[in-house]
Amino acid sequence: MVSEEILRTHLQELRRGTAVVASLVALRRPDYGYALLQRLAAHGFPVDANTLYPLLRRLEEQGLLTSEWNTEESRPRKFYRISDEGETVLARLLDDLAAVQTSVAGLIEGDDR
């Protein structure tokens, strides 16, 4: 029987690998960090804040996201959106994800190549 710890570790690794894709897709519509956390969770993709905020900073440093501060509300919020470079990278990541899904489906179905 597989321990819960082993399962949790592998699920975490799987989600960590797709957090970039999920965030870039979601940020095609500009949003701030907390709202992004909620939106990802609402779509069945819960991400911890301690994972998301460093990820957003890294993606911004890489030029895949842009950000701006909205100071019109009582509390300033930093809004993120995908950049043109981010769209290019996302397209490649989505292509690769689709290829991985196809490969895994073939393995599950027992396709011989």
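Helix H4 has 26 residues, and from its first C-alpha to its last it reaches 37 Å, close to the 38 Å expected at 1.5 Å a residue. This is a predicted model, so that span, like everything below, is computed from predicted coordinates. The buried residues of H4 are Gly 86, Leu 90 and Gly 106. What they pack against is helix H1 and strand E3. Once H4 has ended, Gly 110 follows with a positive phi, near 80°.

Stepping back to the whole chain, there are four helices and three strands, and along the sequence they follow the pattern α-β-α-α-β-β-α. The radius of gyration is 17 Å, well over the 13 Å that the globule rule gives for 113 residues, so the chain is more spread out than a compact globule. Along the principal axes, the C-alpha trace spans about 60 × 35 × 25 Å. Buried residues account for 28% of the 113 residues. The accessible surface comes to about 8,100 Å², and carbon and sulfur atoms hold 54% of that. As for how the chain meets itself, take the contacts between residues at least 6 apart in sequence: 44% of these join residues at least 24 apart.

Helix H3 covers residues 49–61, which makes 13 residues, and its end-to-end reach of 18 Å is close to the 18 Å expected at 1.5 Å a residue. Its buried residues are all leucines by name: Leu 52, Leu 55, Leu 56 and Leu 59. They cover an arc of only 105° around the axis, which puts them on the same side of H3. Asn 50 and Glu 61, both exposed, sit on the face turned away from that buried side. The partners of the buried residues come from several elements, namely helix H1 (4–26), helix H2 (33–42), strand E2 (65–70) and strand E3 (77–82). Both ends of H3 have something to look at. At the start, a side-chain oxygen of Asp 48 comes to within 2.8 Å of the backbone nitrogen of Asn 50. Just after the helix, Gly 63 takes a positive phi of about 85°.

Gly 63 turns up again in the surroundings of Ser 83, a residue found in the loop between E3 and helix H4 (84–109). Ser 83 counts as buried, at 6% relative accessibility. Its side chain reaches the backbone oxygen of Gly 63 at 2.6 Å. A polar atom of the Ser 83 side chain also lies 3.0 Å from the backbone nitrogen of Gly 86, and Gly 86 is one of the buried residues of H4. Leaving out residues up to four places away in sequence, Ser 83 touches Gly 63, Leu 64, Leu 65 and Thr 66.

A little earlier in the chain, Tyr 80 is found in strand E3. Tyr 80 counts as buried too, with a relative accessibility of 6%. The C-alpha atoms of Tyr 80 and Leu 56 are separated by 8.1 Å, although the two are 24 residues apart along the chain. Leu 56 belongs to the buried set of H3, and it is among the residues that Tyr 80 touches. With residues up to four places away not counted, the other contacts of Tyr 80 are Leu 27, Pro 30, Asp 31, Gly 33, Glu 60, Leu 65, Thr 66 and Ser 67.

Gly 33 leads on to helix H2, where the buried residues are Gly 33, Ala 35, Leu 36, Leu 37, Arg 39 and Leu 40. Their cover includes H1, strand E1 (31–32), H3 and E3. Arg 39 is the charged name in that list of H2 residues. With a relative accessible area of 16%, Arg 39 is buried, since the cut-off is under 20%. Setting aside neighbours within four places in sequence, Arg 39 is in contact with Ala 26, Arg 29 and Asp 31. Asp 31 is also touched by Tyr 80. Past the end of H2 comes Gly 44, whose phi is positive, near 80°.

How values were computed. Residues numbered from 1 in each chain as written. Predicted model: local features only at pLDDT ≥ 70, side-chain atom pairs only at ≥ 80, totals over all residues. Heavy atoms only, no water. Helix = DSSP H or I, 4+ residues; strand = E, 2+ residues; numbered from the N terminus. Expected span 1.5 Å × (residues − 1). Buried < 20%, exposed > 50% of the residue type's maximum accessible area, 1.4 Å probe, protein only. Arc of directions from axis to C-beta. Contact = heavy atoms within 4.5 Å. Polar contact = N/O pair within 3.5 Å; in protein donor to acceptor, adjacent residues only side chain to side chain. Rg over C-alpha atoms; globule rule 2.2 N^0.38 Å. Areas by Shrake-Rupley, 256 points an atom, 1.4 Å probe, with all protein chains shown as cover.
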